[in-house]
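These are my notebook entries on one protein chain. I set down what I looked up, entry by entry.

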Amino acid sequence: MRSGEAVLLRTTNKGKLREFIITVAEEKFHSYFGIIDLGELLQKEVGNTITSHMGQVFVIQKPRMPDMFKYARRTGAPMMPKDIGLIIAYTGLNKQDFVLDAGTGSGILAMYLGFIAKRVLSYEIRDDFATVARRNIERAGLDNVEVRCGNIVDEIVTLDEKFDVVTLDTIDAKDVIRNVKNVLCPGGFVVTYSPFFEQAKDIRVKIEEVGFVDVTTIECIEREILFSDRGTRPSTARVGHTGFITIARM
Ligand SMILES: C[S@@+](CC[C@H](N)C(=O)[O-])C[C@H]1O[C@@H](n2cnc3c(N)ncnc32)[C@H](O)[C@@H]1O
């Protein structure tokens with residue numbers, strides 16, 4: 001492993017999975033299971049193990065986005081993987097794409113997009129949230145995701161570059177739509193995420209005014225299937241609503 005690289009350390013204790021995301025460095029990591037000399041990781045690779053001073057053995061893995069989703073520091077409600085998957089699929093996001101994102105929040109969507117796209121530029125209005133997101137992005141080992149502190153409503157008019165995809169997860173997304181056209185590549189997509197019908201309706205009105213094509217609003221419902229001795233069925237837990245995703249194209 002290289003210095004500065006993000007690593008997932010995984011172990012089990014009393015039948016329970018325990019995981020830590022750390023950064024490879026010449027320092028000690030103090031855990032409930034003992035002290036781990038992180039410098040030893042420089043001589044190891046993914047799949048090897050490392051042992052704490054208390055004899056607890058950890059398997060070394062590379063953290064992936066589901067790990068970051070679980071362990072990233074949160075400043076608010078992140079977008080859920082089911083909705084992020086839908087955005088990636090419906091925009092056809094790929095490794096050549098430049099993405100403009102707002103608001104960054106904890107950076108969950110920005111990180112998922114960053115693992116696929118060439119570059120992600122994300123705006124967050126709150127300085128303290130931007131700091132947390134930058135830390136999460138660094139821990140994920142991403143160097144193609146930039147977080148700028150600013151109000152996307154004002155900042156979008158200052159941008160003189162073009163993006164393939166624009167994602168808006170802010171309450172005032174409707175006020176951004178009219179300027180999205182100036183920063184989108186031909187054939188590019190704008191995606192908005194709205195918790196309420198009323199917000200989704202306001203966005204649809206703005207999208208109609210501006211004149212995008214292929215406009216669609218979707219809700220993605222996820223049902224977990226439970227397996228037990230009694231039988232197999234969808235979970236009876238209430239299906240939670242997250243948001244309505246509106247996708248439109250230039
Ligand atoms: C629901 S959270 C975004 C969650 C994020 N997509 C994620 O997956 O972690 C909304 C964020 O937008 C920020 N925000 C609200 N209005 C904004 C604006 N006009 N410009 C930039 N950020 C804004 C908020 O501070 C908040 O952190």
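**Entry 1: A helix across three strands**

I began with helix 7 (residues 197–210), which lies across strand 11 (184–194), strand 12 and strand 15 (244–249). Helix 7 runs at about 10° to strand 15. I note here that the model is a predicted one.

**Entry 2: The sheet**

I next looked up the sheet to which these strands belong. It is an open sheet of seven strands in the order 9-8-7-10-11-15-12, and its pairing is mixed. At the edges I found strand 9 (145–149) and strand 12 (213–218), each of which pairs on one side only. On average, neighbouring strands of this sheet are turned by 15° against each other, with direction ignored. For my own reference, I recall that strands of a sheet pair through backbone hydrogen bonds, either parallel or antiparallel.

**Entry 3: Strand 8, helix 4 and strand 9**

In which sense do strand 8 and strand 9 pair? I found that strand 8 (residues 119–124) and strand 9 pair in the parallel sense, over five bridges. Taking Glu124 as an example, I found its bridge partner in strand 9 to be Cys149. Helix 4 (residues 127–139) packs on the sheet and touches both strand 8 and strand 9. The direction of helix 4 makes about 170° with that of strand 9. I then followed the chain from strand 8 through helix 4 to strand 9, and recorded this β-α-β crossover as right-handed.

**Entry 4: The nonpolar cores**

I turned to the interior. Which residues have the most contacts inside the largest nonpolar core? They are Ile108 and Met111, in a core of 35 residues. Helix 1 (65–71), helix 2 (81–91), helix 3 (108–114), helix 4, strand 9, strand 11 and strand 15 each supply at least two residues of this core. Helix 3 gives the most, with six residues.

I listed the contacts of Ile108, leaving aside its neighbours within four places in sequence. They are Met65, Met68, Phe69, Ala72, Pro78, Met79 and Ile84. I also recorded a second, separate core of 21 residues, which includes Ala102, Ile156, Val176 and Val183.

**Entry 5: Helix 2**

I asked which residues of helix 2 are buried. They are Lys82, Asp83, Ile84, Leu86, Ile87, Ile88 and Thr91. Among the elements that cover these buried residues are helix 3, strand 10 (163–168), strand 11, strand 12 and strand 15. After helix 2 comes Gly92, and I noted that its phi is positive, near 65°.

**Entry 6: Gly187**

I looked up Gly187, which lies in strand 11. Gly187 counts as partly exposed because its relative accessibility is 27%, and partly exposed covers values between 20% and 50%. Not counting residues up to four places away in sequence, Gly187 touches Arg249 and Met250. I also checked Gly187 against Ala102: the two are 85 residues apart in sequence and 20 Å apart in space, C-alpha to C-alpha.

**Entry 7: Backbone details**

I first recalled the usual case. Most residues other than glycine have a negative phi, and most peptide bonds are trans.

Where is Gly103 found? Gly103 is in the loop between strand 7 (98–102) and helix 3. The peptide bond from Ala102 to Gly103 is cis, with omega near -20°.

Lys14 is in the loop between strand 1 (6–13) and strand 2 (16–23). Its phi is positive, near 50°, although Lys14 is not a glycine. Is Lys14 buried or exposed? Lys14 counts as exposed because its relative accessibility is 79%, which is over 50%.

Asp214 is found in strand 12. The phi of Asp214 is also positive, near 50°, in a residue other than glycine. With a relative accessible area of 56%, Asp214 is exposed.

**Entry 8: The two domains**

Finally, I looked up the domain assignment of the protein chain, which gives domain 1 (6–61) and domain 2 (67–249). How far apart do the C-alpha centres of domain 1 and domain 2 lie? I recorded a distance of 33 Å. As for contacts, four residues of domain 1 are in contact with seven residues of domain 2.

Technical notes
Residues numbered from 1 in each chain as written. Predicted model: local features only at pLDDT ≥ 70, side-chain atom pairs only at ≥ 80, totals over all residues. Heavy atoms only, no water. Pairing = 2+ DSSP bridges. Helix = DSSP H or I, 4+ residues; strand = E, 2+ residues; numbered from the N terminus. Axes fitted to C-alpha atoms, helices over the stretch in contact; angles between N-to-C directions. Contact = heavy atoms within 4.5 Å. Core = buried A, V, L, I, M, F, W, Y, C linked by side-chain atoms within 4.5 Å. Buried < 20%, exposed > 50% of the residue type's maximum accessible area, 1.4 Å probe, protein only. Right-handed = clockwise from strand over helix to strand, strands pointing away. Domains from an automatic or database assignment.
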